[in-house]
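Dear colleague,

I am handing over the structure we spoke about, with the sequence alongside. Please have it open while you read the notes that follow.

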Amino acid sequence: MSSQAPSLPLIAAADESRAPLVRRAKLLSWLSLVWMTAEGTVGVIAGLIAGSVALTGFGLDSAIEGAASAIVIWRFTGGRESSEAAERRAQKLVGVSFFLLAPYSAADACLTLIDAERPSTSWIGIGLALGSIVVMPLLGRAKSRLGAQLGSSATAGEGAQNMLCAYLAAGVLVGLLANTILGWWWLDPAIGLGIAALAIQEGREAWRGEVCADCAPVGLDGTSTPGSNCECA
């Protein structure tokens, strides 16, 4: 028995039910892009003033993470909202952004260890890291839920990258405080190496399109059956 293509009313209903989720995904990506632009600018300037390779690297990493936000905005703009080809392309591009982030973080950490870089205290950097630790998990969890509901690995991958940004911020914060209080200058790059390994793992998952199954994506009939814990890890 041959399968029957969805009727036009069903497709219209599905598009209508997905529209609020798509708008929310784009809004969160725009918010992330604005934050990453400010974070990158402040991070680089504060890092150069303090002589902190890690803080400067954190600011430069924001450009790579901001690219993921731009990719998701592109994916849901210009009639690509329901395009599977656009989703696959965006999914791969988000995965590539993780792979760009990992070697940079690893190289930055290794150079810091080799040069025995001892940055001066940067209270602006500490404040920036604290802000990212608060904001990024909120954006990351929201995008993970939306990615699962939309069946969009690109959106979920961007959410995972926001969580990685929070881990990076935590590493920078711990490193700056440990250097200021205890003189443990080596802790920051050591944490950076662990984050680089995590970025590779997240990149593989984004490339393969692995998203949380706790939320059923909105289908062609415009319905979904979310689980009790509609959130990606």
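For the helix packing described here, an axis is a line fitted to C-alpha atoms, for helices over the stretch in contact, and angles run from 0 to 180 degrees between N-to-C directions. Please keep in mind that this is a predicted model. In it, helix 3 and helix 6 pack with their axes 8 Å apart and at an angle of about 165°. Since angles over 145 degrees count as roughly antiparallel, helix 3 and helix 6 are therefore roughly antiparallel to each other. Their crossing is left-handed, and the residues of the contact between helix 3 and helix 6 comprise 16 nonpolar, 6 polar and 4 charged ones.

Turning to the interior, the largest nonpolar core contains 38 residues, and those with the most contacts inside it are Phe58, Phe76, Val94, Phe98, Met136, Leu150 and Leu164. Two or more residues of this core are given by each of helix 1 (8–50), helix 2 (53–75), helix 3 (84–115), helix 4 (123–150), helix 5 (153–181) and helix 6 (187–208). Helix 5 supplies the largest share, with 10 residues of this core.

Helix 5 also holds a residue that you may wish to look at separately, Thr155. Is Thr155 buried or exposed? Its relative accessible area is 1%, and because buried means under 20%, Thr155 is buried. The side chain of Thr155 makes a polar contact with the side chain of Ser152, at 2.9 Å.

With best wishes

Methods
Residues are numbered from 1 along each chain as its sequence is written. This is a predicted model: local features need pLDDT of at least 70, side-chain atom pairs count only at pLDDT 80 or more; totals for chains, interfaces and linings use all residues. Side-chain values use heavy atoms; hydrogens and water are left out. A nonpolar core is a set of buried Ala, Val, Leu, Ile, Met, Phe, Trp, Tyr and Cys residues joined through side-chain atoms within 4.5 Å. Buried means under 20% relative accessible area, exposed over 50%, partly exposed in between (1.4 Å probe, protein chains only). Helices (H or I, at least four residues) and strands (E, at least two) are DSSP runs, numbered from the N terminus. Angles under 35 degrees count as roughly parallel, over 145 as roughly antiparallel, 65 to 115 as roughly perpendicular and the rest as oblique. A crossing is left-handed if the near helix is turned anticlockwise from the far one by less than a right angle, and right-handed if clockwise. Ala, Val, Leu, Ile, Met, Phe, Trp, Tyr, Cys and Pro count as nonpolar, Asp, Glu, Lys and Arg as charged, and the others, Gly among them, as polar. A polar contact is a pair of N or O atoms within 3.5 Å; within protein, one must be able to donate a hydrogen and the other to accept it, and residues adjacent in sequence count only if both atoms are side-chain atoms.
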